[in-house]
Amino acid sequence: MKPAAASLDVERVRADFPILAQQVNGRPLVYLDSAASGQRPLAVLRAVEHYETHLHSNVHRGVHTLSQAATEAFEGARARARRFINARSAREILFVRGTTEGINLVAQSYGRSRLGPGDEILITALEHHANIVPWQMVCEQNGCTLKVAPIDRRGELDLERLFELLNARTRLVALAHVSNALGTVLPVKRIVEAAHSCGALVLVDGAQAVPHTAVDVRELGCDFYAFSGHKLYGPTGIGVLYGREELLEEMPPWQGGGDMIRTVSFEKSTYNELPWKFEAGTPNISGAVGLAAAMDYLESLGAAAVAAHEHHLLALATAELQAIPGIEIVGTAAHKAAVLSFTLRGCHPHDLGTILDSEGVAIRTGHHCAMPVMTFFGIPATARASFGCYNTESDVRALVAALDKAREVFG
Ligand code: PMP
């Protein structure tokens with residue numbers, strides 16, 4: 001029998017996040033915007049401070065002690081990230097600014113050099129703009145074609161239609177692991193198998209998945225996997241692009257500059273080995289250190305315990321909101337993670353967000369960088385509450401109470 005997952009001691013977790021202990025607009029802060037950016041635990045803040053206070057110098061170039069210490073910290077973070085997603089080698093871990101940059105790297109390096117007229121890129125109707133626009137740019141540059149697999153009214157991907165759209169012309173499938181606008185979890189492994197059987201590569205946008213579930217890129221079988229540090233309780237301006245080594249070896253560099261070269265002459269330059277071939281210029285060293293600390297932190301809580309806790313909050317909030325007259329939940333897929341999008345009849349989501357903020361409740365309102373999802377549902381925007389490891393049942397109650405206030409105003 002498998003041992004039961006340890007449950008989360010949320011009060012202890014909250015003590016690790018001093019930012020949560022403040023008042024906003026005279027009310028205790030209720031932070032329900034972790035899908036936009038997670039808060040950072042002290043362990044991350046301290047790791048960054050320690051690096052900046054004692055170890056900082058530029059990496060890879062110096063023989064002096066501090067430069068070696070910084071290089072060790074930076075490359076140590078890469079080794080940590082490799083373990084976090086179970087990549088085969090640290091050569092497969094590229095540090096980037098975030099998910100957006102990771103996807104653009106693949107689009108410009110792989111897409112632009114390998115795709116042309118007649119080739120198809122297949123995405124889904126759930127995608128964040130970061131997983132739409134880079135592919136549109138490649139299509140404009142190279143004459144390939146973008147195809148989109150539809151979703152249904154619950155926010156589920158139409159898998160049958162996706163499988164129909166997959167064909168010998170499909171060269172790359174790019175899809176979210178978890179939708180940021182609706183919370184839908186996509187069956188990535190099944191899609192990877194189907195795509196590979198057509199000879200297509202698969203890029204997974206893992207921005208919303210890594211904070212909520214343990215990710216094993218070898219188990220998923222994907223070719224590329226991108227995620228951001230700041231959604232994972234780490235710093236902004238740092239993220240990871242995983243790519244299979246054989247593919248990265250073959251791909252041309254994306255940006256040129258220092259660190260990514262082996263030799264430079266005016267006639268010709270030769271490139272560095274992986275992963276540095278894709279890391280031109282001075283990287284975000286303290287960001288990588290903070291990201292590694294965030295991975296340590298999350299693993300110390302236990303991915304299964306965090307997921308179970310967040311799932312409980314999502315189920316509770318869903319049931320509570322469903323019972324409120326005028327509230328409509330947008331995105332009711334069977335398998336969801338930590339995101340609850342909704343509208344309140346007669347109230348624009350931005351006005352709702354402002355009222356909730358005056359009650360100390362921080363949610364996100366807008367199109368969530370997923371305009372096609374909003375268009376599909378025929379709405380301009382939603383209000384979105386999202387949960388992290390530090391949220392509590394009392395946060396859900398505060399959300400419900402603030403929504404009741406909003407209904408008094410707009411009811
Ligand atoms: N994809 C998804 C699903 C996201 O939720 C986000 C962030 N909202 C991104 C991509 C872009 O991430 P970043 O802004 O950190 O590059």
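Good morning. The domain assignment divides this chain into two parts: domain 1, formed by 10-31 + 302-410, and domain 2, covering 45-299. Please keep in mind that this is a predicted model.

Let me begin with how the two domains meet. Their C-alpha centres, for domain 1 and domain 2, are 28 Å apart. At the interface, 34 residues of domain 1 make contact with 26 residues of domain 2. Together, domain 1 and domain 2 bury about 2500 Å² between them, and carbon and sulfur atoms account for 59% of that area.

What, then, is the count of salt bridges between domain 1 and domain 2? The count is zero. Polar contacts, by contrast, are present: 17 residue pairs across the interface of domain 1 and domain 2 satisfy the rule, with both residues at pLDDT 80 or more.

I turn now to the ligand. Which residues are found around the ligand? From the earlier part of the chain's numbering, the list gives Gly-98, Thr-99, Thr-100, His-128, Ala-130 and Asn-180. It continues with Asp-205, Ala-207, Gln-208, Ser-228, His-230 and Lys-231. Sorted by class, this shell comprises two nonpolar, eight polar and two charged residues.

Three polar approaches to the ligand deserve individual mention. Concerning ligand oxygen, a backbone N or O atom of Thr-99 lies 3.4 Å from an oxygen atom of the ligand. Concerning ligand nitrogen, the side chain of His-128 places an N or O atom 3.2 Å from a nitrogen atom of the ligand. Lys-231 likewise has a polar side-chain atom 2.7 Å from a nitrogen atom of the ligand. As for coverage, the ligand taken alone exposes 400 Å², and the protein buries 85% of that.

To recapitulate, the interface of domain 1 and domain 2 has 17 residue pairs in polar contact and zero salt bridges, while the protein buries 85% of the area that the ligand exposes when taken alone. Thank you.

Methods
Residues numbered from 1 in each chain as written. Predicted model: local features only at pLDDT ≥ 70, side-chain atom pairs only at ≥ 80, totals over all residues. Heavy atoms only, no water. Near = heavy atom within 4 Å. Polar contact = N/O pair within 3.5 Å; in protein donor to acceptor, adjacent residues only side chain to side chain. Areas by Shrake-Rupley, 256 points an atom, 1.4 Å probe, with all protein chains shown as cover. Nonpolar A, V, L, I, M, F, W, Y, C, P; charged D, E, K, R; others polar. Domains from an automatic or database assignment. Contact = heavy atoms within 4.5 Å. Buried area = accessible area lost by both parts, 1.4 Å probe. Salt bridge = Lys/Arg side-chain N within 4 Å of Asp/Glu carboxyl O.
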